[in-house]
Amino acid sequence: MLVAEVIEVTEQNGAHDYDVVVIGGGAAGLSGAVSLARSRRSVAVVDSGEPRNSPAEGVHVLLGREGVDPLDLLAKGREELLGYGGEVIPGLVVGAARQEGGFSVTLSGGWVLRSRRLLVTTGLTDELPDVAGLRERWGRDVIHCPYCHGWEVRGQRIGVLSSGPMSVHQALLMRQLSEDVVFFAHTAQPLGGEDRERLAARGIAVVEGGVAAVETDGDRLSGLRLADGRVVERDAVAVATRMVARASFLADLGLAVEEHPMGVGEHVPVEAGGRTRVPGVWAAGNVTDLAAQVGAAAAAGTLAGAQINGDLVTEETDRAVERMRTGEPFSAASEVRVHEAVAGPGRHGL
C-alpha cells in the first residue's frame with residue numbers, strides 16, 4: 001500500500017459522514033467506489049491491506065492488464081479513486097450497526113464512519129488442507145484455479161490433492177493443461193465408481209493414501225510425500241481450498257455468512273446486482289461469489305456501485321416529491337451533498 005495514496009487516520013473515536021462506505025479495497029471494492037465517485041457521491045474505502053491474491057506473481061485473464069502485479073493493480077485503482085475525490089482509509093472493520101439515516105462502521109482503532117449505504121467487498125480466506133509445506137508454496141506452484149494459473153503450469157507434472165467436493169472436476173480441468181496429471185485421494189471420501197471411471201478415461205492416475213508433506217528442491221516444488229514415506233514427483237499441485245467469506249462483522253446487522261450451495265465454503269448471499277437481504281447493504285466480489293476472478297469481481301463491484309447510486313437517487317427523489325407536496329421549502333444543494341474531486345496534496349484528509 002502506498003502511504004501517499006491513503007488517508008492517515010490520526011484521531012480516535014471520531015466520526016465522518018459519507019454517502020457510501022465500501023468495506024474492502026480489492027478489485028470489487030475499488031471498482032464500486034470509482035463508479036460511485038464518478039456519480040459525485042462521497043465515498044470512502046476501508047482497506048486492511050491484505051488482498052487474497054497477494055502471493056500471486058500476476059493477475060491473469062484480465063483484458064488489457066494480463067500479468068499485472070496484484071499490488072500494482074490495486075495501487076492504480078486507489079490512484080483512480082482519489083482522482084475522483086474518493087478516499088481510502090487503512091484499517092480493519094470490526095463492527096457495523098444501523099443508525100438513523102444509515103449505518104455506523106467501527107474500525108479496530110476506534111474510528112467510526114457513518115454512511116447512508118454500505119458496500120461489502122472484503123473477499124474471502126482460503127483454508128488449505130493440513131499438509132506440511134502446502135501454505136508456503138501457495139500462490140506459486142500450489143494453485144487452485146486452472147483459469148488463473150493453469151497456463152503457467154501447462155505441460156508440467158501436475159498433482160491434484162483431493163480436498164473438497166469439486167476436486168475431481170478440478171482434476172479434469174487440469175488434464176486440459178497437461179497429459180501428466182495424478183489425483184491424490186488423500187483423506188477425502190472414497191472415490192465412487194463413476195468418478196474413477198471418468199478419471200481413468202482421461203488417463204489420470206489415482207494415488208491412494210494420505211499426503212503428509214510437500215517436497216521441495218531449492219525453491220521449487222518437487223513432489224508430494226505420502227504418509228507411508230513414498231514420494232510422488234510433481235512440478236505443481238492443485239488444491240481446492242475451503243473458501244470462507246470475511247464478513248463476521250456483519251452479524252450485528254443480521255447478515256450472517258451461509259454455506260455455499262456447492263459445499264465449497266461460506267459466502268454472503270445476494271440478489272442480482274449485489275443487494276443483500278439487509279436494506280441498504282450490498283456485497284460484491286469474492287465475499288459473495290467464491291469463484292469470481294479479478295475481472296468478474298471488478299465488474300460486480302461496478303454494478304453494485306451503480307445499483308447503490310440508483311437507490312440513493314430514488315430515496316432523494318422521494319423526499320423531494322414529499323417536500324414539494326407539503327410545500328416545505330428546500331434546495332437541491334442541501335438535498336444532495338455533491339462530492340467533487342479535489343486536486344493537490346491536501347486531498348487525502350478527513
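Does N309 count as buried or exposed? With a relative accessibility of 16%, N309 counts as buried, because the cut-off for that label is under 20%. This is a predicted model, by the way, so read what follows as a description of that prediction.

**Around N309 and the α1/α6 pair**

N309 sits in helix α6. Setting aside the neighbours within four places in sequence, N309 is in contact with L36, S39 and R41. One of those partners, L36, belongs to α1, and N309 is part of the wider meeting of α1 with α6. On the α1 side, the residues involved are A27, A28, S31, G32, S35 and L36. They meet V294, A297, A298, G301, T302, G305, A306, I308 and N309 of α6. As for geometry, the two axes come within 7 Å and cross at roughly 35 degrees, and the crossing of α1 past α6 is right-handed.

**Helix α2**

Now to α2, which covers residues 70-83 and has 14 residues. From first C-alpha to last, α2 reaches 20 Å, close to the 20 Å expected at 1.5 Å a residue. Its buried residues are P70, L73, L74, A75, G77, R78, L81 and L82. Both α1 and α6 turn up again here, since the cover over those buried residues includes the elements in this table.

| Element covering α2 | Residues |
|---|---|
| α1 | 27-38 |
| β2 | 43-47 |
| β3 | 87-90 |
| α6 | 294-326 |

The two ends of α2 each have something to look at. At the N-terminal end, D69 acts as a cap, with a side-chain oxygen 2.8 Å from the backbone nitrogen of L71. Just after the helix, G85 takes a positive phi of about 90 degrees.

**A four-stranded sheet**

Elsewhere, four strands form an open sheet, ordered β7-β16-β18-β17, with mixed pairing. The edge strands are β7 (124-127) and β17 (258-259); each has a single partner strand, so one side of each is left without a neighbour in the sheet. The partner of β17 is β18 (residues 265-267), and these two pair in the antiparallel sense over two bridges. Within that pairing, E258 stands opposite H267 in β18.

**The whole protein**

Zooming out, the protein has seven helices and 19 strands. Of its 350 residues, 48% are buried, and N309 is one that counts as such. Looking at contacts with a separation of 6 or more, 60% of them come from residues 24 or more positions apart.

Conventions
Residues are numbered from 1 along each chain as its sequence is written. This is a predicted model: local features need pLDDT of at least 70, side-chain atom pairs count only at pLDDT 80 or more; totals for chains, interfaces and linings use all residues. Side-chain values use heavy atoms; hydrogens and water are left out. The expected span of a helix is 1.5 Å times one less than its number of residues. Buried means under 20% relative accessible area, exposed over 50%, partly exposed in between (1.4 Å probe, protein chains only). Contact means heavy atoms within 4.5 Å. A polar contact is a pair of N or O atoms within 3.5 Å; within protein, one must be able to donate a hydrogen and the other to accept it, and residues adjacent in sequence count only if both atoms are side-chain atoms. Two strands pair if DSSP finds at least two bridges between them. Axes are lines fitted to C-alpha atoms, for helices over the stretch in contact, and angles run from 0 to 180 degrees between N-to-C directions. A crossing is left-handed if the near helix is turned anticlockwise from the far one by less than a right angle, and right-handed if clockwise.
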